[in-house]
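User: I've got a model open and I'd like to talk through its metal sites, salt bridges and ligand shell. Could you take my questions one at a time?

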Amino acid sequence: MDGMLASRRFRGPIDLHTHSTVSDGTESPAEVARAAARAGLGTFALTDHDSTDGWPAAASVATREGLTFIPGMELSARLDGVTVHILAYLIDSTNAELAAEIELVRHERLLRAQRIVESLRDEYLLVWDDVLAQTTPGSTIGRPHIADALVARGHAPTRSAAFATILHWQSGYYQPHYAPDPLRAVRLIRAAGGVPVLAHPAARGREWAIPSDQLEPLIAAGLAGVEIEHRENTPEGKKHLRELAERYDLIVTGSSDYHGSGKPNRLAENLTDAASLDRIIAEATGTEPVYA
Ligand code: AMP
Ligand code: FE
Ligand code: FE
Ligand code: ZN
């Protein structure tokens with residue numbers, strides 16, 4: 001049947017969570033696509049924070065390399081002061097409401113990064129231009145760029161070390177930024193034809209974890225899946241998520257959350273099975289995979 005064939009034109013292995021210089025990865029979208037090919041992937045998604053700008057370059061290199069490209073994004077959300085990340089697959093990037101929201105989030109992230117740099121001034125020699133030097137124009141700015149600037153100034157040996165110390169959420173320098181609450185985020189993604197999957201829902205540490213009793217309202221609002229195989233999810237958290245996925249028939253994904261050299265996460269270290277990607281594609285109305 002045509003429909004069956006059409007939904008099976010991608011190859012494995014499948015990695016559905018990567019970042020480029022469009023947000024806080026260290027490689028351009030084209031470089032991420034080449035790295036995905038070298039890692040032996042058959043299909044990958046680019047999921048930059050709050051931006052879809054990397055799609056065209058990633059898609060063009062991916063298909064040239066024989067890979068299927070899944071357009072995605074990782075939307076920032078906030079619940080009771082805690083950051084929640086929601087992966088948005090196959091959204092219509094021209095959807096006006098979603099486009100306006102991510103532009104707002106990127107702007108608020110910029111102001112927040114400037115506030116953090118301002119607050120660091122008494123202790124560390126660091127100026128805003130140091131941070132800008134770590135970004136590409138128009139990219140989504142975050143703590144990773146401040147971390148890289150701190151490294152460039154010799155205040156920390158690596159990006160991860162800067163996160164573990166100066167930029168840690170309990171360091172006293174942490175500042176939040178505006179982001180929609182997860183319910184609104186899920187609704188925005190669905191309204192743009194996308195498929196919302198909760199990113200690393202059981203990550204270590206209070207900064208990321210969403211209380212499990214908050215999951216049911218999200219599922220009711222249209223949350224489609226949960227990212228279970230992710231290096232930051234705890235073993236107990238994964239077990240709980242598997243039970244939830246079973247109970248609510250959620251799509252289950254696994255991914256690397258690759259950030260180039262910015263994080264230890266390696267492409268293909270966690271994978272998503274073809275049946276899960278089939279479900280994501282079947283639920284999406286915003287856009288389609290770019291097949292090789
Ligand atoms: P922010 O969103 O600005 O609060 O910064 C948090 C982001 O930093 C998350 O998306 C992390 O994935 C990202 N990040 C990138 N590199 C690192 C790293 N080496 N250690 C911790 N977080 C990192
Ligand atoms: Fe990130
Ligand atoms: Fe994330
Ligand atoms: Zn991510």
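User: Let's start with Glu74: buried or exposed?
Analyst: Keep in mind that this is a predicted model. Buried here means under 20% relative accessible area. Glu74 has a relative accessible area of 1%, so the label for Glu74 is buried.

User: Which protein residues are the donors of the zinc ion (ligand 4)?
Analyst: Their donor atoms lie 2.0 to 2.3 Å from the zinc ion (ligand 4). In sequence the spacing of these residues reads H-x1-H-x54-E-x182-D. The donors are His17 (NE2), His19 (NE2), Glu74 (OE) and Asp257 (OD).

User: How many residues apart in sequence are the parts that His17 and Glu74 tie together, and where do they lie?
Analyst: The zinc ion (ligand 4) has both His17 and Glu74 among its donors. His17 sits in the loop between E1 and H2, while Glu74 is in strand E3 (residues 68-79). His17 is buried too, at 0% relative accessibility. The parts this pair ties together are 57 residues apart in sequence.

User: What do the angles make of the arrangement around the zinc ion (ligand 4)?
Analyst: Four donors count as tetrahedral if all angles lie between 85 and 135 degrees, and as square planar if opposite donors are over 155 degrees apart and all others between 65 and 115. The 4 donor atoms around the zinc ion (ligand 4) subtend angles of 75 to 164 degrees, so the arrangement is irregular.

User: How far apart are the zinc ion (ligand 4) and the iron ion (ligand 2)?
Analyst: Let's place the iron ion (ligand 2) by its protein donors, Asp24 (OD), His49 (NE2) and His259 (NE2), which lie 2.1 to 2.3 Å from it. From the iron ion (ligand 2) to the iron ion (ligand 3) the separation is 5.2 Å. Between the zinc ion (ligand 4) and the iron ion (ligand 2) it is 4.2 Å.

User: Why is the arrangement around the iron ion (ligand 2) given the label it has?
Analyst: For four donors, the tetrahedral label needs all angles between 85 and 135 degrees. Around the iron ion (ligand 2), the 4 donor atoms subtend angles of 82 to 137 degrees. That range makes the arrangement irregular.

User: Where in the chain do Asp24 and His49 lie, and how many residues apart are the parts they tie together?
Analyst: The donor residues of the iron ion (ligand 2) follow the spacing D-x24-H-x209-H. Asp24 is in the loop between strand E1 (14-15) and helix H2 (29-38), and His49 is in the loop between strand E2 (43-46) and helix H3 (55-64), so the parts tied together are 25 residues apart in sequence. As for cover, Asp24 has a relative accessible area of 9% and His49 is at 6%. With the limit at under 20%, each of the two is buried.

User: On to salt bridges: which side chain does Asp50 meet in one?
Analyst: The total for the model is 14 salt bridges. In this one the N to O distance is 3.0 Å, and it links the loop between E2 and H3 with helix H4 (residues 96-120), 59 residues apart. Asp50 is buried at 0% relative accessibility, and its partner is buried as well, at 8%. That partner is Arg109.

User: How far apart are the closest N and O atoms of Glu283 and Arg190?
Analyst: Glu283 is in helix H11 (residues 274-283) and Arg190 in helix H8 (residues 182-191), 93 residues apart. Glu283 is partly exposed, with a relative accessible area of 32%, and so is Arg190, at 29%. Their closest N and O atoms are 2.9 Å apart.

User: Which residues come nearest to ligand 1?
Analyst: Start with the elements: H4, helix H6 (143-152) and helix H7 (159-164) each give at least two residues to the shell, and H7 has the largest share, with 3 residues. Of the 15 residues around ligand 1, the nearest are Arg112, Arg143, Ser160, Gly262 and Lys263.

User: What percentage of the accessible area of ligand 1 does the protein cover?
Analyst: Look at the polar contacts before the area. The side chain of Arg112 has an N or O atom 2.8 Å from an oxygen atom of ligand 1, and Lys263 has a side-chain N or O atom 2.8 Å from an oxygen atom too. Of the 500 Å² of accessible area that ligand 1 has on its own, the protein covers 91%.

Technical notes
Residues numbered from 1 in each chain as written. Chains lettered and ligands numbered in written order. Predicted model: local features only at pLDDT ≥ 70, side-chain atom pairs only at ≥ 80, totals over all residues. Heavy atoms only, no water. Donors = N, O, S within 2.8 Å, 3.2 Å for Na, K, Ca; no water. Tetrahedral: all angles 85-135°; square planar, octahedral: opposite > 155°, others 65-115°. Helix = DSSP H or I, 4+ residues; strand = E, 2+ residues; numbered from the N terminus. Buried < 20%, exposed > 50% of the residue type's maximum accessible area, 1.4 Å probe, protein only. Salt bridge = Lys/Arg side-chain N within 4 Å of Asp/Glu carboxyl O. Near = heavy atom within 4 Å. Polar contact = N/O pair within 3.5 Å; in protein donor to acceptor, adjacent residues only side chain to side chain. Areas by Shrake-Rupley, 256 points an atom, 1.4 Å probe, with all protein chains shown as cover.
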